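Thanks for coming. Please have the model open while I talk.

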Amino acid sequence: EVEEKEMRRVRRRSDGEGKYCPSTVLRNKGWAGAPEILAGGVQQSAGATLMGEHSFGKGTVQTSFDKQLGDGSLLKVTIAKWLTPNGTWIHEKGIEPDIKVSQPEYFTVAPIDKKKTYAYDANSTDVKNAQIMLEAVGYKT
């Protein structure tokens, strides 16, 4: 469902027959906009289970204008709101999963510079990231 600037809501529903298919949507907290609406849509309209982390909460539809400007700049204009099937606007609220599961700490660490040599007792972001990676595969640091 989309709510346009004139506050007019537009629903697009399938005319086909539904068939129950147990589903789970696995998502991380980086989901924003259309993926959030898809997840909320299958949760509310098809009974899917959402598993993962709280979503970002981007509830606006934007269109981009780049070619019209001709100078390489980009203008994005908000044209509507994303709404879930029950009419909820998720903007700045996001969607809470049915089952909370967080990604492990090593999922978000930055790669370390493999060309650099690290000294014993060194202390840096790269060293911390290396420790997190090593602990993930069973080494005690």
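I will go through one helix and then two pockets.

This is a predicted model, in which local features need pLDDT of at least 70 and side-chain atom pairs count only at pLDDT 80 or more, while totals for chains, interfaces and linings use all residues. Residues are numbered from 1 along each chain as its sequence is written, and side-chain values use heavy atoms, with hydrogens and water left out.

Start with helix α1, residues 34-46. Helices here are DSSP runs of H or I with at least four residues, strands are runs of E with at least two, and both are numbered from the N terminus. The 13 residues of α1 reach 17 Å from first C-alpha to last, close to the 18 Å expected at 1.5 Å a residue; that expectation is 1.5 Å times one less than the number of residues.

Which residues of α1 are buried? They are E36, I37, A39, G40, G41 and Q43, where buried means under 20% relative accessible area with a 1.4 Å probe, protein chains only. Their cover includes β3 (24-27), β4 (49-52) and β6 (75-82). After α1 comes G47, with a positive phi near 75 degrees.

Now the pockets. A pocket is an open set of points on a 1 Å grid over the protein atoms alone, where a 1.4 Å probe fits, with protein on both sides within 12 Å along at least five of seven lines; lining residues have an atom within 4 Å of a point. The largest has a volume of about 300 Å³. It is lined by 13 residues, with E1, R12, R13, S45 and P85 nearest its centre. The second largest has about 200 Å³, and its lining includes Y118, Y120, D121 and D126.

Key. Buried < 20%, exposed > 50% of the residue type's maximum accessible area, 1.4 Å probe, protein only. Contact = heavy atoms within 4.5 Å. Points joined across faces, edges and corners; volume = space filled by probe spheres on them.
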